[in-house]
Amino acid sequence: MSSLPSTIILKSRTFRYMSLSTLVFIGAASILLWAITSATIHELENRIYKEITSELSWQQQLHAGRGIGANIDDIKIDDQPIWNENWVYGLMAEEEFVHALYDENGTIIAGSDQLSADPGWSEVTLTNLQNLHPLVAFHTSLEDKHQLIIAKFKSEAIILHENLRYLGTLFLLFLLLPVALLTAYVFSKRMFSRLEALLGTTRKVARGTLDKRAPISKQNDEFDELSLALNRMLDRLQSLNQNIKDVSIGIAHDLRIPLSNLAGRIAMIEQDIHDSDQVRVHLDVIDKRIKVMLEIFDALLRLGEIEAGQRKASFRVVDLSHLINDVAENYGPIFEDSEICLKTATQENIEISGDKDLLIQMITNLLENVIQHAHGAENAWLQLEATEQHIILTVCNDGVEIPSTMRLRIFERFVQLDQSRSSKGNGLGLSLVKAISELHDAEISVISQTGITKFEFAFCYQT
């Protein structure tokens with residue numbers, strides 16, 4: 001199998017759809033990632049805002065009660081109002097507040113002189129200090145024009161989620177996207193390879209190579225199911241094609257003799273044109289030959305109608321017990337004339353859904369088959385019984401068995417048990433039997449051994 005060019009794969013709908021689904025997935029994953037991390041960050045920052053607001057309220061209470069000195073006393077560490085760098089690092093580790101208290105001239109009087117911020121809420125960093133997290137800060141003025149800044153370091157959780165948001169997006173775009181596109185390409189190429197094999201089969205079949213079949217792998221996937229279905233269709237097509245050839249040959253063979261006889265009789269009429277009695281004899285023979293040809297065409301048309309399933313529309317509830325008894329009664333004298341004893345054994349009130357006329361034809365075809373082809377038969381049986389799973393109809397006889405070479409072919413059109421077209425019949429009787437049984441969803445089996453030939457039909461119960 002030749003490899004497909006990459007340009008064909010990249011331009012294919014399969015690759016485009018897989019790529020589009022990948023982009024949609026990555027876009028949805030990015031949105032979900034941003035939504036989750038943003039919600040978490042927002043919740044954690046709101047907690048910091050509440051803590052800073054609470055601390056601000058406390059400092060305002062101290063200032064209102066005892067003045068700026070109370071604020072200085074509350075902010076100083078180890079009796080030192082101005083903090084050094086080590087204290088700031090320690091506060092970050094303990095997730096404590098960072099303060100900065102300035103007088104009206106902007107001179108630091110307590111807290112960290114590295115902390116400055118615009119009025120209101122802001123996010124700041126401490127100047128001249130490294131490896132510190134950003135801070136959320138609030139800058140306000142006290143009643144005596146002192147400036148107070150209260151800040152708190154962002155927690156490790158906030159930093160983690162912020163990094164996760166950006167790094168996750170970069171991962172999706174720059175690592176997962178190329179891998180996904182490469183995967184889409186590989187799968188598209190594999191799919192095209194399987195499709196190319198199927199297309200190769202269909203192209204060869206279209207050119208007339210009906211014995212070509214689609215390859216089946218060991219993966220047992222959807223393509224294998226498609227290949228199996230295609231192969232079954234091709235088997236059926238090949239069988240139908242062969243059947244058409246056989247039917248054509250059969251029709252030509254079966255009509256050749258009657259047509260030859262017609263031609264001969266017409267020539268004889270010309271010779272005996274002045275002998276009215278002899279002309280009448282010739283016309284009677286012609287009439288019989290025409291009837292034989294019409295029977296063949298009627299049987300073929302009926303067979304085609306049955307195989308097309310057109311007769312299912314006329315299905316009604318049929319009392320199969322009563323039907324079999326009637327057929328046996330009508331054919332009793334014919335079997336007596338043939339010196340064959342016809343025995344029946346039926347259970348009463350067994351009903352199925354079907355076409356009454358076709359069921360009668362199926363049974364009568366089998367009985368006539370016994371009369372015409374069961375050489376040496378002395379007994380025939382027509383039986384009907386109901387089991388737990390099926391309704392079983394059996395037609396059997398003793399006498400000469402069906403040759404093993406013929407058992408697989410007896411239901412084919414124009415195949416006769418006597419293997420001779422000189423015998424009575426057109427070779428369509430058992431083909432009609434098989435078609436009628438399939439129309440009624442009955443399983444048919446043929447057993448011919450130990451001097452007994454049995455045709456058994458298993459009908460399903462109505463649901």
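**Packing, salt bridges and surface in one chain**

Student: Leaving aside its neighbours within four places in sequence, which residues is Ser227 in contact with?
Tutor: Leaving those neighbours aside, Ser227 in this predicted model touches four residues, and contact here means heavy atoms within 4.5 Å. Ser227 itself is found in helix H6, which spans residues 222–271. Its contacts are Leu198, Ala214, Pro215 and Ile216.

Student: Is Ser227 buried or exposed?
Tutor: The cut-off to keep in mind is that buried means under 20% relative accessible area. Ser227 has a relative accessible area of 2%, so it falls under that limit and is buried.

Student: How many Å apart in space are Ser227 and Thr201, C-alpha to C-alpha?
Tutor: Along the sequence, Ser227 and Thr201 are 26 residues apart. In space, C-alpha to C-alpha, the separation of Ser227 and Thr201 is 9.7 Å.

Student: Let's zoom out. What percentage of the residues in the chain are buried?
Tutor: The chain has 463 residues, and its secondary structure comprises 10 helices and 12 strands. Among contacts between residues at least 6 apart in sequence, 65% join residues at least 24 apart. As for burial, the buried share of the chain is 39%.

Student: And what share of the area that the chain exposes do carbon and sulfur atoms supply?
Tutor: The chain exposes about 27,000 Å². Of that area, carbon and sulfur atoms supply 55%.

Student: Which residues make the nonpolar surface patch of about 420 Å²?
Tutor: One member is Phe174, which lies in helix H5 (residues 156–206). Phe174 is exposed, with a relative accessible area of 61%. The full set making up the patch is Leu167, Leu170, Leu173 and Phe174.

Student: Now the charged pairs. How far apart are the closest N and O atoms in the salt bridge of Lys152 with Glu51?
Tutor: A salt bridge here needs a side-chain nitrogen of Lys or Arg within 4 Å of a carboxyl oxygen of Asp or Glu, and the count by this rule is 4. For Lys152 and Glu51, the closest N and O atoms are separated by 2.3 Å.

Student: How many residues apart are Lys152 and Glu51?
Tutor: The Lys152–Glu51 pair links distant parts of the chain, with Lys152 in strand S5 (residues 147–153) and Glu51 in helix H2 (residues 13–66). Lys152 counts as buried at 11% relative accessibility, whereas Glu51 is partly exposed at 30%. Lys152 and Glu51 are apart in sequence by 101 residues.

Student: Which residue does Lys76 meet in a salt bridge?
Tutor: Lys76 is partly exposed, with a relative accessible area of 29%. Its partner is partly exposed too, with a relative accessible area of 46%. The N to O distance in this salt bridge is 3.4 Å, and the partner is Asp73.

Student: Lys434 and Glu438 are 4 residues apart in helix H10; what does that come to in helical turns?
Tutor: Lys434 and Glu438 form a salt bridge, with their closest N and O atoms 2.5 Å apart. Lys434 counts as partly exposed at 30% relative accessibility, and Glu438 is partly exposed at 46%. Because both sit in H10 with a spacing of 4 residues, the separation is about one helical turn.

Student: Why is helix H10 largely enclosed by the rest of the structure?
Tutor: H10 covers residues 429–439. Its buried residues include Leu430, Val433, Ile436 and Leu439. H10 is largely enclosed because, of its 11 residues, the number buried is 8.

Student: Is the crossing in which H9 passes H10 left-handed or right-handed?
Tutor: H9 and H10 pack at an angle of about 145°, with their axes 9 Å apart. The residues that meet there include Leu359, Met362 and Leu366 in H9 and Leu432, Val433 and Ile436 in H10. The crossing is left-handed.

Student: And is the crossing of H8 and H9 left-handed or right-handed?
Tutor: Helix H8 (residues 320–337) and helix H9 (residues 356–373) pack at an angle of about 35°, with their axes 11 Å apart. Among the residues that meet are Leu323, Val327 and Tyr331 in H8 and Leu359, Ile363 and Leu367 in H9. This crossing is right-handed.

Student: Last one: which residue just after H10 takes a positive phi?
Tutor: The phi in question is about 55°. The residue that takes it, just after H10, is Asp441.

Key. Residues numbered from 1 in each chain as written. Predicted model: local features only at pLDDT ≥ 70, side-chain atom pairs only at ≥ 80, totals over all residues. Heavy atoms only, no water. Buried < 20%, exposed > 50% of the residue type's maximum accessible area, 1.4 Å probe, protein only. Helix = DSSP H or I, 4+ residues; strand = E, 2+ residues; numbered from the N terminus. Areas by Shrake-Rupley, 256 points an atom, 1.4 Å probe, with all protein chains shown as cover. Patch = residues over 30% accessible without salt bridge, like charges linked within 9 Å, V, L, I, M, F, W, Y side chains within 5 Å. Axes fitted to C-alpha atoms, helices over the stretch in contact; angles between N-to-C directions. Left-handed = near helix turned anticlockwise from the far one by under 90°.
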